[in-house]
Amino acid sequence: AFALILQGGVGWLCTIYLVQRGQGIEALAVLAIATQWLTVMLMPVTSWSGMVIHEIIRSHTEGGQRVVWAVILRLVRRNLTVTVGVVSCITFSAVWIEKLYGLSDQGLSMLIWWSAAPALIGSIFMIFERLYVCLQEQHTWLICSAAGLMVQLGVTWMWVDQLLWVVPLGLAAGYLVTVVLAIWRLILQRQVRL
């Protein structure tokens with residue numbers, strides 16, 4: 001719950017406060033539309049999170065106290081495959097989407113293209129988030145997540161005045177740091193079983 005509160009606070013800072021302060025209300029509106037399309041990109045993988053938890057719990061129970069890495073890799077592969085399909089459809093349609101909104105000169109299509117990065121990394125992020133819940137190591141996930149959120153905030157804070165697309169790039173960087181730290185922690189604890 002605390003990780004979600006942190007995510008909400010950093011998300012607000014990065015997508016609303018810093019954008020409005022640095023680029024104005026028009027940029028905020030364009031980013032809001034791009035963020036909605038990012039949500040659509042992640043919709044399939046968020047919809048089956050219960051199934052992911054079930055598979056992780058089943059493999060954890062059958063495999064003893066360690067995580068069965070083959071199950072995690074299969075879940076990552078599935079999430080990435082579906083997300084790549086959805087992201088491809090949306091990014092190929094980005095210019096058309098931009099025209100439908102009447103924002104051809106506002107950079108919406110570029111924001112949608114850059115949103116592919118957090119969508120792809122986010123599809124992996126979600127698996128490890130659920131894995132840490134199943135391992136009952138929410139405190140470790142909170143630390144990994146906090147580090148990722150600080151990276152997201154830092155990247156966005158530094159460049160949002162010049163480049164609006166740094167907002168999805170910052171989100172992708174935050175997801176990536178969190179995932180790398182989560183994997184590193186599993187390897188250090190020797191909780192991974194091949």
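Trp-165 is partly exposed because its relative accessibility is 23%, where the class covers everything between buried (under 20% relative accessible area) and exposed (over 50%), using a 1.4 Å probe and protein chains only. Keep in mind that this is a predicted model: local features need pLDDT of at least 70 and side-chain atom pairs count only at pLDDT 80 or more, while totals for chains, interfaces and linings use all residues. Residues are numbered from 1 along each chain as its sequence is written, and side-chain values use heavy atoms, with hydrogens and water left out.

**Aromatic rings**

A search of the whole structure turns up six aromatic pairs. To count, rings of Phe, Tyr and Trp (its six-membered ring) need centres within 6.5 Å; planes under 30 degrees apart are stacked, over 60 edge-to-face, and the rest tilted. Trp-165 has Trp-114 as a stacked partner, at 4.3 Å centre to centre with 10° between the planes. That pair ties together distant parts of the chain, with Trp-114 in helix H6 and Trp-165 in the loop between helix H8 (138–159) and H9, 51 residues apart. Helices here are DSSP runs (H or I, at least four residues; strands are E, at least two), numbered from the N terminus. Trp-114 is also partly exposed, as its relative accessibility is 30%. Elsewhere, ring pairs gather Phe-125, Tyr-132, Trp-141 and Tyr-175 into a cluster.

**A nonpolar patch**

Trp-114 turns up again on the surface: together with Val-95, Met-110, Trp-113 and Leu-169, Trp-114 makes a nonpolar patch of about 410 Å². Patches take residues with over 30% relative accessible area and no salt bridge; nonpolar side chains (Val, Leu, Ile, Met, Phe, Trp, Tyr) are joined within 5 Å, like charges within 9 Å. The areas themselves come from the Shrake-Rupley method with a 1.4 Å probe, and for residues only the protein chains shown count as cover. Helix H6 (residues 108–114) gives the patch its largest share, three residues. Leu-169 sits in helix H9 (residues 166–188) and is partly exposed, with a relative accessible area of 30%.

**Salt bridges**

Now for the charged side chains. Side chains of opposite charge can pair when their charged atoms come close. The rule asks for a side-chain nitrogen of Lys or Arg within 4 Å of a carboxyl oxygen of Asp or Glu, and three salt bridges pass it.

| Salt bridge | Closest N and O atoms |
|---|---|
| Arg-74 with Glu-55 | 2.6 Å |
| Glu-55 with Arg-78 | 3.1 Å |
| Glu-129 with Arg-130 | 2.9 Å |

Shared partners join Glu-55, Arg-74 and Arg-78 into one network of salt bridges. Arg-74 in helix H4 (residues 69–92) reaches Glu-55 in helix H3 (residues 49–62), 19 residues apart. The Glu-55 and Arg-78 pair also runs from helix H3 to helix H4, at a separation of 23 residues. Where does the cover fall in this network? Glu-55 is buried at 8% relative accessibility, whereas Arg-74 is partly exposed at 35% and Arg-78 is partly exposed at 23%. In the remaining bridge, Glu-129 and Arg-130 are both buried.

**Cysteines without partners**

How many disulfides does the model have? The count is zero, a disulfide being a pair of cysteine sulfur atoms within 2.5 Å. For Cys-14, the nearest cysteine sulfur is that of Cys-144, 19 Å away. Cys-14 is buried, with a relative accessible area of 0%. Cys-134 is in no disulfide either; its nearest cysteine sulfur also belongs to Cys-144, at 16 Å. Cys-134 counts as buried because its relative accessibility is 18%.

**Leu-42 and Gln-136**

Two more residues deserve a stop. Leu-42 lies in helix H2 (residues 25–47) and is buried, at 9% relative accessibility. Setting aside neighbours within four places in sequence, Leu-42 is in contact (heavy atoms within 4.5 Å) with Ala-119, Gly-122, Ser-123 and Met-126. Leu-42 and Leu-120 are 8.3 Å apart in space, C-alpha to C-alpha, with their positions 78 residues apart in sequence.

Gln-136, in turn, belongs to the loop between helix H7 (116–134) and H8. Gln-136 is not a glycine, yet has a positive phi of about 55°. Is Gln-136 buried or exposed? Gln-136 counts as exposed, because its relative accessibility is 65%.
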